[in-house]
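Welcome, and please open your viewer. Colour the chain by secondary structure, keep the selection box at hand, and we will take the stops one by one.

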Amino acid sequence: MVQFFTASDLTSTGFKYVLSCLCVVFQDVSRTPISEADSHILTVISHLGCGISSLFLAITLLTYLGFDLSLCLSLVHIRKVRRDYPSKILINLSVALLGLCMVFLLDPWFSSFSIYGLCIATGATLHYFLLASFTWMGLEAVHMYFALVKVFNTYVPSYILKFCAVGWGIPLVIVGLVLAIDKDAYGSGVCWLQKDIFFYVAVVAFIFLILFCNISVFILVLIQIRQMKTNNPAVNRHSALHDLRAAASLNVLLGLTWSISFFSFGPGRVVLMYLFSILNTLQGFFIFLFHCLMKENVRKQWKIHLCCGRFRLKDYSGTCKSLLWTASIAF
């Protein structure tokens with residue numbers, strides 16, 4: 001049986017040391033606390049990882065907002081008018097994750113003031129960005145499903161606007177309901193949800209639902225890619241490393257590594273907690289890695305706008321080489 005820390009456990013077992021950005025930590029049914037040494041190391045990993053992610057998420061946002069990136073999506077079934085949807089969704093996801101990491105890093109400082117209203121505001125903001133991050137991961141899955149699996153080729157008016165209403169609106173409604181039901185829900189000391197009912201319903205259930213849907217879409221996308229490779233010899237020429245990179249890129253966008261927490265119990269609990277903290281606090285860095293550093297058109301835009309002398313490109317009018325939407329967002 002897997003069980004979450006309760007609100008009281010979070011305070012008594014050193015929640016501040018193992019928050020690791022998701023604000024959800026698992027333990028086995030015996031509730032055996034981790035050692036002080038592990039707690040300290042997880043603290044360092046969590047804060048270092050969120051700091052690194054914040055930096056690279058900021059670079060990613062500057063890249064996508066500052067450069068004229070066309071991201072040339074050449075998938076046959078996606079209309080030209082929809083070609084920049086993946087980048088816009090990625091921008092919103094990056095903003096949500098950046099907000100989550102920044103509030104997480106500032107949470108101990110805000111808590112140190114021992115101001116009740118500030119603590120509630122901090123806990124509510126942390127909760128909001130946590131839910132927003134997962135909502136945008138879920139919307140990434142929805143877009144993937146429509147673009148590749150269902151091949152929904154009908155133009156949808158205000159497509160991104162509707163995504164924004166869901167991506168930023170649903171978390172706001174949930175946090176608002178929590179505060180409306182109990183204005184003291186986020187408590188003091190540890191600026192986070194203090195009552196188990198709010199924690200399980202407004203965090204655990206929501207995240208579980210998103211991850212379940214994302215894993216389902218991930219499997220469907222892999223099946224669809226396999227079928228397309230079978231039917232298209234040109235696509236089938238891609239190496240196993242290419243396919244692995246595509247799968248890893250999808251994994252980052254859908255946040256599938258967060259599901260590790262559901263298996264963090266038993267003898268390997270501490271090891272999985274380390275793996276969980278490392279992978280998930282560095283999600284922002286992985287987004288930069290797969291969607292900036294490893295994308296040829298982004299690197300060429302860097303050379304056009306940032307480099308000088310013989311390293312600077314005068315123009316770039318390259319065409320998209322990928323036939324798959326997933327390949328275009330991965331590379």
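The tour goes from the whole chain to a helix, then to loops, ion pairs and a few contacts across the sequence.

**The whole chain**

Keep in mind as you look around that this is a predicted model. With everything shown, you should find twelve helices and two strands. Follow the ribbon along the sequence and the elements come in the order β-α-β-α-α-α-α-α-α-α-α-α-α-α.

Now switch on a surface. About 15,700 Å² of the protein is exposed, and carbon and sulfur atoms supply 69% of that area. Of the 331 residues, 51% are buried. If you draw contacts with a sequence separation of 6 or more, 79% of them join residues 24 or more positions apart.

**The annotated spans**

Next, select residues 55-77, 89-109, 115-139, 159-181, 197-223, 244-265 and 271-293. An unreviewed UniProt entry gives these the feature "transmembrane region".

Two of these spans make a good pair to inspect. Start with 89-109: this span is 100% helix and 0% strand, with its end C-alpha atoms 31 Å apart. Then move to 271-293, where the chain is 96% helix and 0% strand and the end C-alpha atoms are 30 Å apart.

**Helix H5**

Select H5, residues 159-181. How far apart are the end C-alpha atoms of H5? They are 33 Å apart, which agrees with the 33 Å that 23 residues should span at 1.5 Å a residue.

Zoom in on Gly169 and look along the helix axis: H5 has a kink of about 30° here, shortly before the proline Pro171.

Show side chains next. Which residues of H5 are buried? They are Tyr159, Ile160, Phe163, Gly167, Trp168, Pro171, Ile174, Val175 and Val178. Bring back the neighbouring elements to see what covers these residues: the cover includes H3, H4 and H6.

**Two serines with positive phi**

Move to the loop between helix H3 (85-112) and helix H4 (116-149), and pick Ser114. Ser114 is not a glycine, yet its phi is positive, at about 55°. Is the residue buried or exposed? With a relative accessibility of 65%, Ser114 counts as exposed, because that is over the 50% cut-off.

Now go to the loop between H4 and H5 and select Ser158. This serine also has a positive phi, near 55°. Its relative accessible area is 42%, so Ser158 is partly exposed.

**The salt bridges**

How many salt bridges does the structure hold? There are two.

For one of them, select Asp182 and Lys195, whose closest N and O atoms are 2.8 Å apart. Both partners sit in the loop between H5 and helix H6 (196-231), 13 residues apart, and the pair links distant parts of the chain. Asp182 is buried, as its relative accessible area is 13%. Lys195 is partly exposed, with a relative accessibility of 43%.

For the other, select Asp184 and Lys183, where the closest N and O atoms are 3.5 Å apart. Asp184 is partly exposed at a relative accessible area of 30%. Lys183 has a relative accessible area of 58% and is therefore exposed.

**Residues far apart in sequence**

Two C-alpha distances round off the tour. Pick Ile34, in the loop between strand S2 (26-27) and helix H2 (36-66). Ile34 is buried, with a relative accessible area of 18%. Draw a distance from its C-alpha to that of Arg269: the two residues are 235 positions apart in sequence and 9.2 Å apart in space.

Last, select Met294, in the loop between helix H10 (283-293) and helix H11 (296-305). Met294 has a relative accessible area of 22% and is partly exposed. What separates its C-alpha atom from that of Arg245? The distance is 9.8 Å, for residues that lie 49 positions apart along the chain.

Methods
Residues numbered from 1 in each chain as written. Predicted model: local features only at pLDDT ≥ 70, side-chain atom pairs only at ≥ 80, totals over all residues. Heavy atoms only, no water. Salt bridge = Lys/Arg side-chain N within 4 Å of Asp/Glu carboxyl O. Helix = DSSP H or I, 4+ residues; strand = E, 2+ residues; numbered from the N terminus. Buried < 20%, exposed > 50% of the residue type's maximum accessible area, 1.4 Å probe, protein only. Contact = heavy atoms within 4.5 Å. Areas by Shrake-Rupley, 256 points an atom, 1.4 Å probe, with all protein chains shown as cover. Expected span 1.5 Å × (residues − 1). Bend = angle between axes of the 7 residues up to and from the residue. UniProt positions renumbered as here; feature names shortened; annotations may be inferred.
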